[in-house]
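Let's take a friendly walk around a ligand and the protein residues that hold it. Have the structure open as you read.

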Amino acid sequence: MKIAFIGLGNMGAPMARNLIKAGHDLNLYDLNQQVLAELAAVGGRITESPRHAAQGVELVITMLPAAAHVRSVYLGEEGVLAGISAGVPAVDCSTIDPQTIRDVATVAGKQGVTLGDAPVSGGTGGAQAGTLTFMVGASAEHFATLRPILAQMGKNIVHCGGIGTGQIAKICNNLLLGISMIGVAEAMALGNSLGIDTHVLAGVINSSTGRCWSSEIYNPWPGIVDTAPASRGYTGGFGADLMLKDLGLATEAAKVAHQPVILGAIAQQLYQAMSLRGDGGKDFSAVIEAYLNK
Ligand code: NAD
């Protein structure tokens, strides 16, 4: 299939590589010339703008940092909608607010282009291994079109409902993750200062009612889980600044919906403080440092 792939950063580049490996013909666009050159070396075609990338393709995929980039890449003068043919499907995999994708999809719809949202979880490791989870907001028909392609970049393709619901699922999940990590950090730090062996404590939590992904797979206490970022100096995981971005999306969406997110707001402030200290690049589980006497 001829596909335009726009936004080739930490996530987009390995996703595009997997599509090239699967035999697709890719039009590539990014502001970063180096990444374009690297992907051209494995078979992609470099283009000059989103408009140029979208010309003559059968599908457009975007993977951009934030809402402003999504708006400009689709709606700008040299944007996707200036080049794409009516009837060609598109999907945005960036993590942004649900309203932006709904707005852009409405404009796209007016020229016969169906746009869906499919934010991901699984991180850069999942993007490389092709094991991402896609949370898809699209009509049933659009989902059926997107599914086989997304399945070449991920292993879990979930239809969440209409446009925007993929983003809703993603921000609600990350709201909970950001909060649960702080809960585990608080419990581990308290147990340690009260004098229990942290391995024993983690074992009890993980076979009791406090168990969750943050305690079992990604425990913030160093040495509990060998593969967790805590065991390698909080490097190479999900950066605190990215968690801060997702909590910002959740609290903003909550404001629009008049819905309280009390723990989410506190969590956001703790990651904000990490960012201010210069620790925004550390894995988010380093939030435990707020509880340690260092
Ligand atoms: P990134 O910053 O590494 O990559 C974004 C890419 O978009 C860059 O290469 C940048 O040059 C390009 N770009 C920016 N503006 C552009 C424009 N106008 N036109 C074309 N290209 C443009 O970000 P990432 O880590 O790949 O994340 C992408 C999205 O996925 C974000 O929304 C992020 O929140 C989400 N996400 C990231 C992770 C992760 O672990 N990195 C996990 C899940 C979801």
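Q: Which domains each give at least three residues to the shell around the ligand?
A: Keep in mind that this is a predicted model. The shell counts residues with a heavy atom within 4 Å of the ligand. At least three of them come from each of domain 1 (2-162) and domain 2 (168-291).

Q: How many residues surround the ligand?
A: By class, the shell has ten nonpolar, eight polar and three charged residues. The closest are Asn 10, Met 11, Asp 30, Thr 95 and Lys 245. In total, the residues around the ligand number 21.

Q: Which residue has a backbone N or O atom 2.9 Å from an oxygen atom of the ligand?
A: A polar backbone atom of Leu 64 is 3.0 Å from a ligand oxygen. For a backbone N or O atom of Thr 95, the distance to an oxygen of the ligand is also 3.0 Å. The 2.9 Å distance belongs to Asn 10.

Q: What percentage of the ligand's exposed area does the protein bury?
A: The ligand sits in the largest pocket. Taken alone, the ligand exposes 830 Å². Of that area, the protein buries 84%.

Technical notes. Residues are numbered from 1 along each chain as its sequence is written. This is a predicted model: local features need pLDDT of at least 70, side-chain atom pairs count only at pLDDT 80 or more; totals for chains, interfaces and linings use all residues. Side-chain values use heavy atoms; hydrogens and water are left out. A polar contact is a pair of N or O atoms within 3.5 Å; within protein, one must be able to donate a hydrogen and the other to accept it, and residues adjacent in sequence count only if both atoms are side-chain atoms. Accessible areas come from the Shrake-Rupley method with a 1.4 Å probe; for residues, only the protein chains shown count as cover. On a 1 Å grid over the protein atoms alone, a cavity is a set of points where a 1.4 Å probe fits but cannot get out, and a pocket is an open set with protein on both sides within 12 Å along at least five of seven lines; lining residues have an atom within 4 Å of a point. A molecule sits in a cavity or pocket if more than half of its atoms lie within 2 Å of its grid points. Ala, Val, Leu, Ile, Met, Phe, Trp, Tyr, Cys and Pro count as nonpolar, Asp, Glu, Lys and Arg as charged, and the others, Gly among them, as polar. Domain bounds come from an automatic or database domain assignment.
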